[in-house]
Amino acid sequence: MPRRGRPPIEGDMLQGTLDVLVLKTLTLGPAHGHTIAHAIEHRSEDVLQVEHGSLYPALHRLEDRGWIASFWGTSENNRRARYYRLTPAGRKQLETQTNRWDQIVRAVNRVLRPATE
Amino acid sequence: MRLTRFFRRARWDEERARELESYLAEEIADNLARGLPLDAARTAAYRKLGNPTRIREEIYTMNSFGFLETLWQDVRYGARLLRRNPTFAIVAILTLALGTGANTAIFQLVNAVRLRTLPVPAPEQLVDVRVVKAPNGRTGTFNGRWPMLSYPLYLRIRDQQQTFSGLTAWGSMYFDLAAGGEQRPAQGLWVSGNFFDVLGVRPAAGRLLAPADDVKGCRGVAVLGHAFWQREYGGDPSISGRRVLLDGHPFDVLGVTSRDFYGVDVGHRFDVAVPICAEPIIVGERSGLDRPDTWFLGGIGRLKPGITLEQAHAQLAGMSPAILAETVSPRYAAADAKDYREMVIGARAAGSGISDLRRTYGDSLNVLLGVTGVVLLIACANLANLMFARAAARGREVAVRLAIGASRRRVIGQLLAESLLIATIGTAAGIAAAQWFSRFLVSFLSSDANPLFVDLALDSRVFGFAAGVAITACVVFGLAPALRATRTSLGVALKAGGRGSTTGRERFGVRRALVVLQVALSLVLVVGALLFARTLRNLTTLDPGFRDDGVLTAEIDFRKVNVPEAARSAFNQRLIDALRTVPGVRGVAQAFTTPIGGSFWNNRLVIGGAVQPRSTNFNAVGPGYFEALGIGLVSGRDFNDRDTTRSTRVAIVSEAAARAFFAGRNPIGQSFEVEGESGQPQPAFQIVGVVADTKYSDLREPFEPLVYLAAGQDEHPAPYLRVVVRTDADMAATTAAATRAILAVHAAMAIKYQDVRTQLARSLTRERLMATLSGFFGGLALLIATIGLYGLMSYMVARRRMEIGVRMALGADASSVVRMIVREAGGLLLAGLVVGGGLSIYAGRAATSFLYGLQAGDPATLALAMTTLAAVTLLASWIPAMRAARVAPTTALREE
């Protein structure tokens with residue numbers, strides 16, 4: 001995962017990937033950073049090792065664009081934690097991003113495994 | 001990014017910190033639950049998250065405008081540094097304020113006098129129409145500040161030109177506002193009826209002149225200037241219809257011009273404008289309207305769209321032979337007529353107005369701009385030196401910053417921010433000081449008799465200039481030290497830690513060069529100051545050939561008394577007799593002009609039938625003139641009351657004239673004629689006396705031949721009288737009593753007084769300006785350079801404490817230490833003097849036209865300047881040298 005360096009660049013695939021994963025995770029309901037990080041790891045069956053720190057700039061960026069909103073709440077362990085939830089704009093964005101992702105995957109697959117028959 | 005986030009980013013950062021803490025708490029709890037011991041749980045959590053500070057920083061920068069943020073940080077950092085070193089800050093800002101202030105002030109004058117366009121629509125279309133070439137000069141009567149055309153010439157050009165949408169004429173003169181007695185002058189303009197239309201000036205009240213107001217034999221009407229209207233009439237809105245008294249004649253006021261219009265000649269603001277057709281009302285029988293040999297007008301044309309200045313010029317030049325041939329004055333002798341027909345009329349750009357100031361002071365302003373530029377350069381060199389010292393003192397800090405990963409660019413930015421701050425504050429202070437200084441300069445050049453009006457309002461050009469100066473200065477004094485400071489090898493800097501013994505001579509290389517430069521440039525300015533001061537002294541102490549103390553001139557205008565021509569000589573005598581009764585008055589004599597009095601009269605002599613090739617200066621004086629002015633009678637006699645129109649024409653010549661025209665022979669008894677108006681009988685003058693030489697119109701000129709005619713033999717006396725009055729009493733008391741005595745003869749007279757000594761002083765205004773300002777700037781440069789050398793020597797002594805301590809421990813005595821330090825300073829001084837000496841001679845050549853009675857490379861001046869500079873700078877190095885000699889070896893060595 002890219003960590004160092006510059007703020008997001010539109011079209012940067014990996015950067016965008018983290019964003020879409022965060023949005024997807026939040027469709028299940030509001031969650032705080034720690035939960036989101038672990039959720040992504042679990043659901044990708046530990047293939048996607050998110051460096052958890054990089055999540056926070058991403059969360060900040062998504063909130064800045066109005067795709068997610070945040071509030072302070074209490075975690076399952078009774079600690080104060082900052083929760084994030086998906087906004088309607090974020091839901092629409094997730095759809096767009098998912099479609100785009102599918103297109104890319106299909107395109108890449110066509111190149112890697114051309115139809116043989 | 002939302003702006004609110006930018007302003008609340010500190011609070012945001014706090015929230016992020018808490019959020020990250022909460023993550024760590026959750027992760028540690030999870031790890032503990034998986035059975036890890038506390039330490040391992042914590043470490044694993046941190047490893048999982050990454051560096052929390054780094055994350056916060058990333059989010060923080062997302063909330064800010066990177067470049068501005070950095071700049072703002074740097075500026076605040078710079079401000080903190082300056083606050084912590086107030087002495088440095090004050091010295092630096094003051095030095096720079098003086099440098100930029102002087103430059104801005106002079107530039108403001110240059111801008112106002114030369115660059116700014118007239119406040120009228122489309123000024124670039126305006127051209128100055130005038131005689132551009134007169135190979136053998138022009139003959140006739142010249143009045144006003146821009147006597148380029150006569151009225152007959154103007155009318156013909158106006159009617160025949162095809163390149164202007166309008167051609168207008170203007171002339172300047174002084175009107176007397178008083179109803180009688182001592183004069184109250186107002187700046188007047190003669191203008192043709194289309195003047196305001198052609199220029200595009202709008203009225204602020206009433207209406208302006210129309211062509212119908214300017215017809216031959218018109219009644220007196222007037223248009224007032226805005227400032228005059230405010231001053232004299234309190235801005236009365238119903239001004240039209242009121243009357244203004246000009247030279248005792250009532251003129252109906254038509255209206256007032258707009259606020260920003262001051263006329264067309266830069267440096268003067270008109271009070272009252274009257275149509276040219278009213279000239280005979282004021283001037284009377286000597287009106288110039290029909291005389292092609294009375295030069296009192298300038299022409300202003302507005303180019304038709306699409307016509308260039310060159311096309312207009314070509315057309316005017318093409319039609320000038322015909323126009324000139326038509327307008328030859330009947331009073332011209334054959335030679336004058338030939339010269340007249342050889343003149344060329346043409347056009348010059350006039351978008352920025354017309355000004356005799358440019359001719360008089362243009363070169364002076366250039367020289368002064370150069371001088372102030374050099375002062376600024378010296379100031380910058382000084383600042384650069386200070387900055388080098390500070391950068392060196394901060395060498396360790398800079399090295400630490402670089403070592404822990406600051407980029408070089410960032411560190412340079414920080415160092416430059418401090419310079420930028422100094423430059424900004426210094427320039428702001430400089431601009432403020434310039435306002436005061438430029439006004440002082442204008443008042444210096446202005447006088448009661450010739451008040452100057454220069455619009456010094458700040459405009460974008462002045463601000464642009466000041467900003468350019470500041471930025472250049474900032475880069476010059478800030479960038480080099482910053483570059484140098486960040487180039488040091490880290491290891492050396494960290495180890496040396498700013499406490500090193502002797503950091504090597506070459507490290508002072510640039511700073512030494514800067515001091516040498518300062519000394520050299522200061523020498524140039526000091527030499528310049530001395531040259532100008534000695535020029536002024538030469539001119540004020542030279543013998544002008546006459547006494548100027550206790551002498552005044554009085555001009556008595558009795559046109560309103562209506563004395564017939566035949567009775568004027570007797571009337572003049574009554575006035576002179578009246579003045580002789582004034583207490584304290586020792587002598588009164590009539591004179592056409594006085595030396596350096598501003599009026600000229602020259603003509604060619606005819607001796608033994610041969611016309612002399614060069615014109616000779618003339619004066620017409622009454623009995624007692626030579627005695628009143630202390631001009632010695634060498635031989636023969638003075639004029640007396642028996643020299644009248646009925647006796648033989650007599651003349652007195654100066655010694656220079658006697659030498660030039662009658663070499664070796666006794667001039668007394670010889671006779672000559674004056675080349676007269678063509679066709680007129682030429683009277684012969686018999687020389688009855690020889691007097692000592694006097695200057696005529698300019699102190700800088702050598703004694704030239706001068707011929708005096710007897711005022712009492714004038715066939716056509718004017719309705720005014722000029723006299724010289726020698727008095728023992730105080731000037732103010734004399735003029736008051738003289739006015740009473742004159743008004744007792746007749747009440748309807750206007751009188752104007754001039755102190756001859758003031759007149760003389762005023763003729764040297766330019767020299768006084770150059771001497772005063774170059775003296776001031778030379779002193780300033782000397783001061784700054786001295787501070788520079790003192791600073792460098794003190795710094796070097798401080799850095800070499802240990803070395804000096806070792807030397808003294810090894811047996812060097814105090815005097816040898818002092819010698820060592822002073823020798824250092826002497827070396828720098830010598831290098832500076834050598835470089836500066838060469839520069840001075842070179843710069844002096846450029847200023848040769850400003851010098852009188854000495855040469856640019858005058859060795860005595862150069863020697864004096866060098867001695868002064870050497871004395872001052874060696875004194876400045878003596879103090880640090882003494883400090884070095886007091887170094888106690890044990891203390892110095894223990895410090896290391």
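This note goes through the contact between two chains and then a sheet in one of them.

1. This is a predicted model, where local features need pLDDT of at least 70, side-chain atom pairs count only at pLDDT 80 or more, and totals for chains, interfaces and linings use all residues. Residues are numbered from 1 along each chain as its sequence is written, chains are lettered from A and ligands numbered from 1 in the order in which they are written, and side-chain values use heavy atoms, with hydrogens and water left out.

2. Chain B and chain A each bring 25 residues to the contact (heavy atoms within 4.5 Å). Together they bury about 2500 Å², 49% of it on carbon and sulfur atoms; buried area is the accessible area (1.4 Å probe) that two parts lose on being put together, summed over both.

3. There are 2 salt bridges between chain B and chain A (a side-chain nitrogen of Lys or Arg within 4 Å of a carboxyl oxygen of Asp or Glu). In one salt bridge, Arg16(B) meets Glu63(A) at 3.6 Å, N to O.

4. In chain A, an open sheet of 3 strands runs in the order β1-β3-β2 with antiparallel pairing. Strands are DSSP runs of E, at least two residues, and helices are runs of H or I, at least four, numbered from the N terminus; two strands pair if DSSP finds at least two bridges between them. β1 (31-32) and β2 (68-74) of chain A are at the edges with a single partner strand each, so one side of each has no neighbour in the sheet.

5. β1(A) is joined to β3 (residues 80-86) of chain A by 2 bridges. His32(A) has Tyr83(A) as its bridge partner in β3(A).
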